[in-house]
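Take a look at the chain shown here. We will walk through it in a few short steps, from the inside to the charged pairs.

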Amino acid sequence: MKKLLALTAFFFSTTIAFSINVSIRIFDDITISSAIIAPSAGAYIIEGDGKRIDSTSSSGVYEVSIVSDTLVQIKSLDRIIGTYARIRFRGCPGQNQFYLKPDGEKNRRLYDDDVSISADKPNLKLLSIIDLEHYVSGVVQSEAGLRKTPEFYKVQAIICRTYALNNLARHINDGFELCDQVHCQVYQGVTHNTDILNAVAATKGMVIVDESNELINAAFHSNCGGQTLNSEDVWNKALPYLRSRPDTFCLHQPAAIWHKDIPESEWKTYLAKKEKGMKRDTSLRAMYDTIPDNKRVFLYDKGYLIPLKEIRTDWNLHSTLFTITKENGVLTLSGHGFGHRVGLCQEGAIHMTQLGYNYQQILHYYYANVQIIDYTLLPSSGFN
């Protein structure tokens, strides 16, 4: 612990110039047979199988397309350049950005830094090879949205950076590190939002670590409904920094309340199917009644305990925090919150910034016994 505190103190008194690149599979949710790539800023060397085959600036437009299980073709507006196993647009020193538009997509997206293209039949595999801080900027916009407070963007930047570095091996067997979907973090390219860019720059390199100086699972959700949950309540793994705690900051925010009506007959049929094969124990009722609604992780029904996380998934509910009333053969589920309710509550954090809390106070509020340090200070990180 003393070592961790020393590292933290060193971070806040020292500026470290260091950066890493991460590989993100982009447009991971669609099938792509060809794509248009058009540099918009800077200059690029184009490589085919590691050798220079062309160079371009913002005036260049190229089409890449899959031609076999292992090969892709690249052509400019006036000629076919060649066929290769892998093509890379490698940026020259300075700022480099490119537009990318897959076939069948109406809109193009703007990305920072480099792109690598290879065959993944029947798909093109498009990898954004990008500086970590550029990636974090894009993720913050995708995960947090626009028109948030500058201080909240600092919170989100540190969370997104921590998550990315803690999950770099998630797709290692697929030949890249992260995807651009909710499976990893949503990433849709460059942001031009000044508040986001400033927040990422102000928190450059900052990550959250636990008492063992290990990167945390920086879980977050939209709205906890007034009480976050322990990690084991949702994912069956107890983590000392993901502890349940009350949160009054999110109670009057947009995602705080929801309702869903379900015919009573459908609900009874559903419960019968869920309870089939389960062990019944009516003595659990007394124990169940002592648990506050906002801390319950099971639904009690005639001696059966059904996990609320399964009910949420089965009925596509906003959260696991709800009560049930019945009228005229219809059950009304009246709920609070949006998301899995573990870790940081985004709407609660946003309200905290509006009340004057800073990003350090907010992160320590939602994550127990953690420290904020620069990732280059992690002794076993492998980043340096």
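Two residues are in contact when heavy atoms of theirs lie within 4.5 Å. Keep that in mind, and keep in mind that this is a predicted model.

Start with Y367. Leave out residues up to four places away in sequence, and Y367 touches I159, I208, I216, A218, A219, F220, Y241, L242, G343 and L344. Y367 is also one of the residues with the most contacts inside the largest nonpolar core. The others in that group are F89, L100, Y135, L344 and L363. This core has 88 residues. Which helix gives the largest share of this core? Helix α3, residues 150-166, does, with 9 residues. There is a general pattern behind such groups. In soluble globular proteins, nonpolar side chains tend to be buried together.

A second core of 17 residues is separate from the largest one. Among its members are W267, L305, I306 and I311.

Two of those names lead us to a strand. L305 and I306 sit in strand β18, which covers residues 304-307. Are the two faces of β18 covered or open? Both are covered. Y304 and I306 are buried on one side. L305 and P307 are buried on the other.

Strand β18 has a partner. Strand β17, residues 298-301, pairs with β18 in the antiparallel sense, over 4 bridges. One of the matched residues is D301, whose bridge partner in β18 is Y304. The two strands form a hairpin, with 2 residues between them. In that turn, K302 has a positive phi of about 50 degrees.

Now turn to the cysteines. A disulfide is a covalent bond between the sulfur atoms of two cysteines. How many disulfides does the structure hold? It holds 0. C179 is in no disulfide, and its nearest cysteine sulfur, in C184, is 3.5 Å away. C179 counts as buried because its relative accessibility is 2%. For C250, the closest cysteine sulfur belongs to C224. Why is there no bond between these two? The sulfurs are 3.6 Å apart, which is too far. The cut-off for a disulfide is 2.5 Å. C250 is also buried, because its relative accessibility is 0%.

Next, follow a charged residue. E47 lies in strand β3, residues 44-48. Is E47 buried or exposed? E47 is buried, because its relative accessible area is 16%, and the cut-off for buried is under 20%. E47 and R88 are 41 residues apart along the chain, yet their C-alpha atoms are separated by 5.1 Å. R88 is also among the residues that E47 touches. Not counting residues up to four places away in sequence, the full set is R52, I53, R86, I87, R88 and R90. With R90 there is a polar contact: the two side chains are joined at 2.9 Å.

That brings us to salt bridges. The structure holds 16 of them. In one, R25 meets D120, with the closest N and O atoms 2.9 Å apart. This pair links distant parts of the chain. R25 is in strand β1, residues 21-25, and D120 is in strand β11, residues 114-120. They are 95 residues apart. R25 is buried, because its relative accessible area is 8%. D120 counts as partly exposed, because its relative accessibility is 31%.

Another salt bridge joins the side chains of E310 and K274, at 2.8 Å from N to O. Here too, distant parts of the chain are linked. E310 is in helix α8, residues 308-315, and K274 is in helix α6, residues 264-275. The two are 36 residues apart. E310 is partly exposed, with a relative accessible area of 33%. K274 is partly exposed as well, at 23%.

A third example stays within one helix. D289 forms a salt bridge with R285, and their closest N and O atoms are 3.0 Å apart. Both lie in helix α7, residues 284-289. They are 4 residues apart, about one turn of the helix. D289 counts as partly exposed, at 42% relative accessibility. R285 is partly exposed too, with a relative accessible area of 39%.

Some salt bridges share partners. Through them, R25, D28 and D120 are joined into one network.

Key:
Residues are numbered from 1 along each chain as its sequence is written. This is a predicted model: local features need pLDDT of at least 70, side-chain atom pairs count only at pLDDT 80 or more; totals for chains, interfaces and linings use all residues. Side-chain values use heavy atoms; hydrogens and water are left out. Buried means under 20% relative accessible area, exposed over 50%, partly exposed in between (1.4 Å probe, protein chains only). Two strands pair if DSSP finds at least two bridges between them. A nonpolar core is a set of buried Ala, Val, Leu, Ile, Met, Phe, Trp, Tyr and Cys residues joined through side-chain atoms within 4.5 Å. A polar contact is a pair of N or O atoms within 3.5 Å; within protein, one must be able to donate a hydrogen and the other to accept it, and residues adjacent in sequence count only if both atoms are side-chain atoms. A salt bridge is a side-chain nitrogen of Lys or Arg within 4 Å of a carboxyl oxygen of Asp or Glu.
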